[in-house]
Amino acid sequence: MHALTRRLEIAISLAIEAGALAMRMRPAPGSANAILKGPQDWVTEADGAVERFLSERLAHAFPEDGFQGEEGGVSRTGSLRWVVDPIDGTANYARGASRFCVSVACMEDATPLIGVIVAPALGETILAVKDQGARLNGTPIRAAATTDPAHAIVEVGWSRRRPNQDYLAVCEALLTMGASLRHGGSGALGLADVAIGRIDAYAELHINLWDVAAALMILHEAGAAVSPFLDGNGATQGNPILACAPGLAPALASLPNIPPALTP
Ligand code: LIP
């Protein structure tokens, strides 16, 4: 069996098991037992438990592969490595909401090869393998055909890692173009929604590799335009990101502090 096919199959089954673990541990609505890692940057007991589960199972299946997680950082190195966000959308998850996911990617150096995003509370699995297309629950997906920002739905991710006035400047530029704005609290799911064609663009001033690694593969295989997130120190320090319907890339090429998206 081709090395990628086996890795995909195992990534899917482990991400689904990890999603089930996250659902069993999900705090009740209104719970307040999450901890702050930084301003508005939450972590729960489940983030650690899900990451340990994925790390141990992937080490068992592929002892030669590397592993990097949001909570534990780089714990193993290898020519192929797994990049994991155990719970993306932790702020939502911590309050018992449904907009969160498990994100699992397999990369070779700076090239994503496999991306699997499981949103257990939404009943969705979004995945892609290099040169084999992208799928939502088994059905092929494509980014939207939107070309006019005045017809566009755009999600703008927010965190305290960049100044609020920069965030407001991006929102103002988009509103001036006539776009309708969203903020969902999970970068991975927002980027996946661009690949699915549910929204037309996702922009964020700073996001980390573990949030986007799986989505980068899915966006590419779904024909979306994406800014070069992995350029410079993106893989280690994070970077801004813009992903959008390919026809919308020219109109969104001048958002303040957001690099242009490149068509695939
Ligand atoms: C979150 C990202 C979101 C970003 C948040 C945080 P987490 O990831 O999905 O896009 O705005 O600051 O980084 O912490 O839920 O894994």
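**View 1. Salt bridges across the boundary between domain 1 and domain 2.** In this predicted model, three salt bridges run between domain 1 and domain 2. For one salt bridge to zoom in on, take Glu-155 and Arg-99: their side chains meet at 3.8 Å, N to O. Why might such side chains pair up at all? Opposite charges can pair when the charged atoms come close.

**View 2. Polar contacts and the domain 1 face.** Between domain 1 and domain 2 there are nine residue pairs in polar contact, with both partners at pLDDT 80 or more. On the domain 1 side, strands do a good share of the work: β5 (80-88), β6 (101-108), β7 (111-119), β8 (124-129) and β9 (134-136) each put at least two residues into the side that touches domain 2. Which of them gives the most? That would be β7, with seven residues. Sorted by class, this side of domain 1 holds 22 nonpolar residues, plus eight polar and eight charged ones.

**View 3. The two domains side by side.** The domain assignment splits the chain into domain 1 (4-140) and domain 2 (149-252). Their C-alpha centres sit 20 Å apart. Count up the contacts and you get 38 residues of domain 1 against 27 residues of domain 2. How much area do domain 1 and domain 2 bury between them? About 2400 Å², with 66% of it on carbon and sulfur atoms. Accessible area lost when parts come together is a common way to give the size of an interface.

**View 4. Around the ligand.** There are 16 residues surrounding the ligand, and the closest are Asp-88, Gly-89, Thr-90, Gly-187 and Glu-204. Three polar side-chain approaches to ligand oxygen atoms are worth picking out. Asp-85 brings a polar side-chain atom to 2.9 Å from an oxygen atom of the ligand. For Glu-70, a polar side-chain atom is 3.0 Å from a ligand oxygen. Arg-161 joins in too, with a polar side-chain atom 3.1 Å from an oxygen atom of the ligand.

**View 5. A salt bridge from helix α1.** Searching the whole structure turns up ten salt bridges. One of the pairs is Arg-7 with Glu-64, whose side chains meet at 3.0 Å, N to O. Which parts of the chain does this pair link? Arg-7 belongs to helix α1 (residues 3-25), while Glu-64 is in the loop between α2 (45-61) and β3 (66-69), so the bridge ties together distant parts of the chain, 57 residues apart.

**View 6. Two positive phi angles outside glycine.** Gln-40 is not a glycine, yet has a positive phi of about 55°. Look for Gln-40 in the loop between β1 (35-38) and β2 (41-43). Asn-257, also not a glycine, has a positive phi of about 65°. Where does Asn-257 sit? You'll find Asn-257 in the segment after β15 (239-244).

**View 7. Helix α4 meets Leu-255 and Pro-256.** Ala-173 sits in helix α4 (residues 164-176). Leaving aside residues up to four places away in sequence, Ala-173 touches Leu-255 and Pro-256. How far apart are Ala-173 and Pro-256 in sequence and in space? In sequence they are 83 residues apart, but in space the C-alpha to C-alpha distance is 7.8 Å.

Notes:
Residues are numbered from 1 along each chain as its sequence is written. This is a predicted model: local features need pLDDT of at least 70, side-chain atom pairs count only at pLDDT 80 or more; totals for chains, interfaces and linings use all residues. Side-chain values use heavy atoms; hydrogens and water are left out. Domain bounds come from an automatic or database domain assignment. Contact means heavy atoms within 4.5 Å. Buried area is the accessible area (1.4 Å probe) that two parts lose on being put together, summed over both. A salt bridge is a side-chain nitrogen of Lys or Arg within 4 Å of a carboxyl oxygen of Asp or Glu. A polar contact is a pair of N or O atoms within 3.5 Å; within protein, one must be able to donate a hydrogen and the other to accept it, and residues adjacent in sequence count only if both atoms are side-chain atoms. Helices (H or I, at least four residues) and strands (E, at least two) are DSSP runs, numbered from the N terminus. Ala, Val, Leu, Ile, Met, Phe, Trp, Tyr, Cys and Pro count as nonpolar, Asp, Glu, Lys and Arg as charged, and the others, Gly among them, as polar. A residue is near a molecule or strand if one of its heavy atoms lies within 4 Å of it.
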